[in-house]
Every structure is written in structure tokens, then in C-alpha cells.
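Grab a coffee and work through these exercises on holes, pockets and a ligand. Try each task yourself before you read the solution.

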Amino acid sequence: MRNIFLALLLLTSVQLEAQKFTGLALTPPMGWNSWNTFQTKISEKLVMETADIIVSTGMKDAGYIYLVLDDGWMSKERDNNGNLVADPEKFPHGMKPVADYVHAKGLKFGLYNCAGTKTCAGYPGTRGYEYQDARLYASWDIDYLKFDWCNTDGINAKEAYTTMSRALHTAGHPIIFSLCEWGNNKPWEWAKEVGELWRTTGDIYPIFDSVHNFGSWSGLGAMRILDLQKGLQQYAGPGHWNDPDMLEVGNGMKTNEDRAHFSMWCMLAAPLMAGNDIRKKSKETTGILTDKDVVAVDQDAMGIEGFKYASKDSLETWFKPLSGGDWAVCFLNRNNAPVNIHFNWSQEAVADAFSRSMLNADKTIYHIKDLWSKKNLGTTQSPLVAVVPAHDILMIRLSR
Ligand code: GLA
């Protein structure tokens, strides 16, 4: 009896052990997702046009590789065999040719589903169909799955996401697994072996520093999401990222606010999923999304999340250790008026306990580059003196 009990215990613990593909998302995933602009109004045409433009406007070269369709790609019912079906009106040729088109552009293709019985927008969820859905995605060569958390009453999050992770691995096609349970069950504490990224908060909304109340839920401004990242730095790293939600760059905030939002996502080593209509994007939006110096901060190989070093009168100073002993630094102005900065490097003791990095401007001279204006701002031998406009950011790189 005791042996049977032990065997059962072993079996249960083995089943709970997730098994994700290794080596995926060694830097934060980058791409585009349909939700923030299109919600369920998506189509084959939108995917193809978006894929074309990701390539022609340099987004692919900047690193935006994953084109992901969010909620709304399915028919309202599974077929007689229980398989998910692409909505025939939106995707008249099915999903495989769409995936093939995206792949032919040198991009990767992702889809969305939900751990519950239905997705958030009411389409068939994956609960009870994990292995069947995973096999279907593998047969379509799907490279990325965002997995949501609506209609999950009574379900254990760790178990549900672990089951899907195992199903994807068993199906055999390498796939990034993006957990989207809004941080309710602290996925950062258990999802490192389950997926490559996990949402840390509720949904983002294209406002800078406030909350938009929709009644049953609230959309969070970029700065509000930033505040909720406190304490999570230690959980992120190559292959497993905190996800503060998709980008709202180009979706209605002012250019300076977009710049501040984007800079801070890069400081957080966040996944960079553009969420705008890139067929209509302005030169400013393209410029922000594809800035090589800023994206390089996000994609730094060490994969260390930045941290808030100081905060005074709505001016926040953030540091992020980078490879080779470099640092990214942001002076983020959340005020409605410009602020003056006077930062005396030799009098500051900047250290990151997590990565054991220290910035010692007494002993090391760093060269300072303004990453947005591309100007050389001298070295850390003299104090940094600057003005940061309202709702804007000064983002610099210190190089040895
Ligand atoms: C949830 C997610 C969003 C989006 C929608 C789709 O709200 O958090 O990112 O995927 O569902 O219905």
C-alpha cells in the first residue's frame, strides 16, 4: 500500500513538472500583437499587410519577429472532431496558409487562446483540449502562444499553465509560451520552467499616468504598470521574462509620452510587442519603435531588469546594468512641468544587489551618450546637468 502511495505521489509530482523548450527567448521576445488596436476585428488581409510592413519599414531588422494574432481568430464553435477552426470569414483559406505567408517573410507567427472554458471575448477556450490544441498549433507551425485566464473559475493556475506547457512540448514544435493571467497568482514565483514570459498586471491602456475605469475592469496607464513592477526584478532573466503588457506606442499618447513608455519598457527588459496599426504609423512612431540604441538596452544579453534608484518630486532615476560593465540610466519625469537634473556621479553609490553590479564613478570614467538625441554628453567626471520636459525622459548609456 505504501509503495502504491509513493508511486502515485511520484507520478503526481512528475506530472506537475513542466517541460518547456530550452533556449527560446534568451532576450525578451519582440513582435506585434493585434489586440491593442484591433481587438477581434482581425483578418488574413490584416496579417499579410502587417507582415509586409514589418519587413518594409525596418521593424523586422530592428528585431520585431513575432506576429501574433490575439483573441478573435476562431469560429465560435469547435468542429465535430473537437478541433478549433479559424473563422472562415476572417481567414477564408484557414490558418496554415496565413502562417506560411508570415514565415515566408522571415517572421514567426503566434496565436492566442485561454486556459478557461472560453476566451475573454467568448471564443472556445482550451480547458480540456490542451493536447489536441497543441497538436493543431504544431501542425500549423505556430511559434508563439499567448494563453489567457478568463473563465477559469476553480482552476489552479500553476496546474493549468503547466499542463499546457507540457502539451506544447509534447506536440514537438518549438513555441514561445506567453502566460497571461495578469499576475493574479504570482506567476513569477512558479512559471520560470513553464513559459518564456508572464504578464505581471492587468491590461495596459494608452494613457500615461492614470487608470481608465471600464466598469468591470480598469485599463492601466503605462506609468501605473511601471509602478506595479516593484519587487519583480529578481524573477526575470534569459528565457523567462516579466511581461508588463504590450506596447501602446502610436496609440494616442503624445510622442514624448510614447518615448518615455518605450524607454521604460526597455529598462525593464520587457517583451516588446508593438500594439499599433503599423500600416498607418507615423515617422515618430517608427522612430521610437526601431531606435537601435534603445532597443539594444532591452535586448542586452545579460537580461537584467533595471531598478528604480531614486524618486523625488515625480522625477525617477532608473539604472540597468548592461553587458561589458555598461549601464543604461533613465531620468523619467512624471511631472506636468519640466524638471532640472543635476546628477553628480561621484557622489552617488549605485549598486544592484541582484546582479552584483556596481557603478563606481570615482574609479571608472564612463562616457555618456544620450540615446534619443544621439548626443555625446561628456563623461561621469562632471555632474550631468539637463532639463527633462514634462512626461518625457532622458535616457543615456554609460560606456567604459
Ligand atoms: C485579456 C488580455 C488581453 C487580451 C484580451 C483578449 O484581457 O489581458 O491582453 O488578450 O484578454 O480578449
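**Exercise 1.** Into how many nonpolar, polar and charged residues does the lining of the second largest cavity divide?

*Solution.* Keep in mind that this is a predicted model. Start by listing who lines the second largest cavity: Q19, K20, F21, S165, L168, H169, I175, F177, V194 and E196. Next, sort them by class, which gives five nonpolar, three polar and two charged residues. Now look for the main contributor: helix α7 (residues 157-171) gives the most to this lining, with three residues. Finally, the space inside: the second largest cavity has a volume of about 40 Å³.

**Exercise 2.** Find how many cavities of 30 Å³ or more there are, and describe the lining of the largest cavity.

*Solution.* First, the count: with a cut-off of 30 Å³, you get two cavities. Then take the largest cavity, which holds about 50 Å³ of space. Walk around its wall and you'll meet N33, Y144, K146, S178, R199, D243, D245, M246 and M273. Sorted by class, that wall has three nonpolar, two polar and four charged residues.

**Exercise 3.** Work out what lines the largest pocket and which elements each supply at least two residues of that lining.

*Solution.* Begin with the volume of the largest pocket, about 500 Å³. Its lining is made of 26 residues, and those closest to the pocket's centre are W35, N36, D203, I204 and W217. As for elements, α2 (35-38) and β4 (144-148) each supply at least two lining residues. Split the lining by class and you get 12 nonpolar, six polar and eight charged residues.

**Exercise 4.** Say where the ligand sits, then go through its surroundings and its polar contacts.

*Solution.* Step one is the location: the ligand sits in the largest pocket. Step two is the shell of 13 residues around the ligand, where D70, D71, K146, D148 and D203 come nearest. By class, this shell has seven nonpolar, no polar and six charged residues.

Step three is the contacts, using a cut-off of 3.5 Å between N or O atoms. The side chain of D70 has an N or O atom 2.7 Å from a ligand oxygen. For K146, a side-chain N or O atom is 2.8 Å from an oxygen of the ligand. In W182, a polar side-chain atom lies 3.0 Å from a ligand oxygen. Step four is cover: on its own the ligand exposes 310 Å², and the protein buries 93% of that.

Technical notes: Residues numbered from 1 in each chain as written. Predicted model: local features only at pLDDT ≥ 70, side-chain atom pairs only at ≥ 80, totals over all residues. Heavy atoms only, no water. Near = heavy atom within 4 Å. Polar contact = N/O pair within 3.5 Å; in protein donor to acceptor, adjacent residues only side chain to side chain. Areas by Shrake-Rupley, 256 points an atom, 1.4 Å probe, with all protein chains shown as cover. 1 Å grid on protein atoms, 1.4 Å probe; cavity = no way out; pocket = protein on both sides within 12 Å on 5 of 7 lines; lining within 4 Å. Sits in = over half its atoms within 2 Å of the grid points. Nonpolar A, V, L, I, M, F, W, Y, C, P; charged D, E, K, R; others polar. Points joined across faces, edges and corners; volume = space filled by probe spheres on them. Helix = DSSP H or I, 4+ residues; strand = E, 2+ residues; numbered from the N terminus.
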